[in-house]
Amino acid sequence: MTGIENLSFLRVLILGKNRIQKICSMESLSKLSILDLHDNQISKIENISHLTELRVLNLSGNRISRVENLQGLSSLTELNLKDNCISVV
């Protein structure tokens, strides 16, 4: 996920079905309210705990086995993790 570092006012990011393996380059996206990364190859929830305005997070259809690193997402109202291999919550 490169090239999004300078989009500091971005509110919605939809990158489903892009073979993304890792959540990264999100440091400057503090205004993000919707993040949709469905049907990728992500195995770990990471690098998003600073997204305090995030309301919707869609990580369905990935390779996530642990629900973790969601602290700090104080505005989160919708979390979609269906079709993952979750073993630890």
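**Figure 1. Surroundings of N84, a residue in the segment after strand 4 (78-80).** In this predicted model, N84 counts as buried because its relative accessible area is 15%, which falls under the 20% limit for that class. The side chain of N84 takes part in two kinds of approach to backbone oxygens that can be followed in this view. A polar atom of the N84 side chain lies 3.0 Å from the backbone oxygen of L59, and the side chain of N84 also reaches the backbone oxygen of L81 at 2.9 Å. Leaving aside residues up to four places away in sequence, N84 touches L59, S60, G61, N62, R63 and I64, so that L59 appears both among these contacts and as the owner of one of the backbone oxygens just described.

**Figure 2. The open sheet, with 4 strands in the order 1-2-3-4 and parallel pairing.** Strand 1 and strand 4 are the edge strands of this sheet, each of them pairing on one side only. On average, and with direction ignored, neighbouring strands of the sheet are turned by 5° against each other. In general, the strands of a sheet pair through backbone hydrogen bonds, and the pairing may be either parallel or antiparallel. Within the sheet shown here, strand 2 and strand 3 run parallel and are joined by 3 bridges. One residue pair can serve as a guide to this pairing: I34 has V56, in strand 3, as its bridge partner.

**Figure 3. D36 and its neighbours in strand 2 (residues 34-36).** Is D36, a residue without a salt bridge, buried or exposed? D36 is buried, and the nearest side chain of opposite charge, that of K17, is 9.8 Å away, whereas a salt bridge requires the nitrogen and the carboxyl oxygen to be within 4 Å. The side chain of D36 does, however, make a polar contact with the side chain of H38, at 2.6 Å. When residues up to four places away in sequence are not counted, D36 touches L13, I14, L15, G16 and N58.

**Figure 4. The salt bridge between R11 and E53.** How many salt bridges are there in the model by this rule? The count comes to 2, and the pair shown in this view is R11 with E53, whose closest N and O atoms are 3.3 Å apart. Because R11 lies in the segment before strand 1 and E53 in the loop between strand 2 and strand 3 (56-58), the pair ties together parts that are 42 residues apart in sequence. Both ends of the bridge can be described by their accessibility: R11 is partly exposed, with a relative accessible area of 45%, and E53 is likewise partly exposed, at 31% relative accessibility. As a general matter, side chains of opposite charge can pair when their charged atoms come close.

**Figure 5. K31, a residue in the loop between strand 1 (12-14) and strand 2.** With a relative accessible area of 31%, K31 is partly exposed. K31 touches S8, F9, L10, R11 and E53, residues up to four places away in sequence being left out, and R11 and E53 are themselves the partners of the salt bridge shown in the preceding figure. K31 and N18 are 13 residues apart along the chain, and their C-alpha atoms are separated by 23 Å.

**Figure 6. The salt bridge between E68 and R66.** The side chains of E68 and R66 meet at a distance of 3.5 Å, taken from N to O. E68 is partly exposed, having a relative accessible area of 24%, and R66, at 41% relative accessibility, also counts as partly exposed.

**Figure 7. R19 and D39, residues with positive phi values.** R19 is not a glycine, although its phi is positive, at about 60°. The position of R19 is in the loop between strand 1 and strand 2, where R19 is exposed, with a relative accessible area of 69%. D39, which is likewise a residue other than glycine, has a positive phi near 50°. The loop that holds D39 is the one between strand 2 and strand 3, and D39 counts as partly exposed at 36% relative accessibility.

Note on methods: Residues numbered from 1 in each chain as written. Predicted model: local features only at pLDDT ≥ 70, side-chain atom pairs only at ≥ 80, totals over all residues. Heavy atoms only, no water. Helix = DSSP H or I, 4+ residues; strand = E, 2+ residues; numbered from the N terminus. Buried < 20%, exposed > 50% of the residue type's maximum accessible area, 1.4 Å probe, protein only. Lys, Arg positive; Asp, Glu negative; His and termini not counted. Polar contact = N/O pair within 3.5 Å; in protein donor to acceptor, adjacent residues only side chain to side chain. Contact = heavy atoms within 4.5 Å. Pairing = 2+ DSSP bridges. Axes fitted to C-alpha atoms, helices over the stretch in contact; angles between N-to-C directions.
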